[in-house]
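Q: Please take a close look at one part of this predicted model, and describe how its pieces are arranged around one another.

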Amino acid sequence: MKAFAMLKIGETGWIEKDRPKCGPMDAIVRPIALAPCTSDVHTVWEGSVGDRHNLILGHEGVGEVVEVGELVKDFKPGDKVIVPAITPDWNSLEAQAGYSMHSGGMLNGWKFSNTKDGVFAEFFNVNDADGNLAHLPEGMDPATATMLSDMVPTGLHGCELANIEYGDKVCVIGIGPVGLMAVRGAYLRGASDLFAVGSRQNCIDIAKEYGATDIINYKNGSILEQVMEKTNGKGVDKVVIAGGDVDTFIEAVTMLKPGGTIGNINYLGDGEFVKIPRAEWGVGMGHKTIAGGLMPGGRLRMEKLADMVMKGRIDPSRLITHRFEGLDKVEEALMLMKDKPRDLIKPVVTIKW
Ligand code: NAD
Ligand code: ZN
């Protein structure tokens, strides 16, 4: 079969590979909509998961089941499915402890385009199909549904990590697709003041539609000063970090009230240490919690979030700025993700067979 792969760090290309085999609990899926991710860019051009050779890229997709293993109960060939980016082993001890995303070791629930071939291929394997695949709701556009693989669950997980409660003042730092979904999640969890930090006009417009009450543009000065000014020097209850780097924690911890929580879903690619400002962290006694996490993955979450989309609570189609047709276009879509033109939020490739 034909597939688009990471050849080595910094290099991608089309390769031929054998169609994946189907284990007893697995499914083989043929993609009908695919989306590249910022994480694919980190993987190829920053070597974030280490060097990989001929590893098929991609972990966001919707497809049609073509084969299932003999132990799979709830899916059959012909079913349309949403595939989560994170596909844990649900019978692992880590999953039983509530940390499915770390099944088999830290971050090991993330398999596609990391420890196994990804979805940018004519066929791909989904482990633990009953636990990981989600039925595509009747009438849901497959392109929209690709946003349920990673963007929606990750943005919303940032709000879970930050433990956002009714009436909280919340700041979301970084409003790419993940941060925008965090803005929507914060709104749905009852944020009062909802500050969205960003500068691109299309992202600002969507942040407002999703429920942001204030836009903090770092081009208008320090984001910390702007947030403190807007909160009369008191700061916010919760922060979700979906953009930035190891230095972002300096601002996030400083703008947080005592007792507050930071939910970090941002990938930290550089720097030996995360910077926590000592005095602003209450000299170690400020009850300011920092929680960082990989999205949990799995079928239940994906099907619940799909229901929220069907009921109009979340409209992830707003994230899609570029549309392509045909598997061969995943290359162009990924290059867009790498080059990040200012009007890009997410590209999606749909495929007819
Ligand atoms: P993105 O690059 O499209 O968006 C990040 C945004 O943050 C950009 O608009 C950028 O301009 C902005 N930004 C950068 N530095 C900033 C700063 N100092 N202050 C404010 N804004 C800043 O990426 P994305 O697709 O939205 O993903 C966001 C992050 O989430 C990435 O690091 C990605 O790897 C990570 N991610 C994590 C998970 C997870 O499970 N935890 C899953 C998917 C993606
Ligand atoms: Zn992704």
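A: In this predicted model, a good place to begin is helix α8, residues 223–230, which lies across the four strands β9, β10 (194–197), β11 and β12 and runs at about 155° to β11. These strands belong to an open sheet of six, in which the pairing is parallel and the order reads β11-β10-β9-β12-β13-β14. The edges of this sheet are formed by β11 (214–216) and β14 (289–292), and because each of them has a single partner strand, one side of each is left without a neighbour in the sheet. From one strand to the next, the twist averages 20°.

Within the sheet, strand β9, residues 170–173, runs parallel to strand β12, residues 236–241, and the two are joined by four bridges. Along this pair, I173 stands opposite I241 in β12. As general background, the strands of a sheet pair through backbone hydrogen bonds, in either a parallel or an antiparallel manner.

A second helix, α5 (residues 151–161), lies across β12, β13 (256–264) and β14, and its direction makes an angle of about 150° with β13. Strand β12 is thus crossed by α5 and also by α8.

Helix α7, residues 201–210, can be described through its buried residues, which are C203, I204, I206, A207 and Y210. These residues lie on the same side of α7, because the arc that they cover around the axis is only 165°. The elements that cover them include α6 (177–188), together with the strands β10 and β11. After α7 comes G211, a residue whose phi is positive, near 125°.

The zinc ion (ligand 2) is a further feature to consider, with C37 (SG), H59 (NE2), E60 (OE) and D150 (OD) coordinating the ion at 1.9 to 2.3 Å. Along the chain, these donors follow the spacing C-x21-H-E-x89-D. The angles among the four donor atoms are 94 to 126°, and the site is tetrahedral. For comparison, the ideal angle for four tetrahedral donors is 109.5 degrees. Two of the coordinating residues can also be placed by their accessibility: H59 counts as buried because its relative accessibility is 1%, and E60, at 0% relative accessibility, likewise counts as buried.

Technical notes:
Residues numbered from 1 in each chain as written. Chains lettered and ligands numbered in written order. Predicted model: local features only at pLDDT ≥ 70, side-chain atom pairs only at ≥ 80, totals over all residues. Heavy atoms only, no water. Donors = N, O, S within 2.8 Å, 3.2 Å for Na, K, Ca; no water. Tetrahedral: all angles 85-135°; square planar, octahedral: opposite > 155°, others 65-115°. Buried < 20%, exposed > 50% of the residue type's maximum accessible area, 1.4 Å probe, protein only. Pairing = 2+ DSSP bridges. Axes fitted to C-alpha atoms, helices over the stretch in contact; angles between N-to-C directions. Contact = heavy atoms within 4.5 Å. Arc of directions from axis to C-beta.
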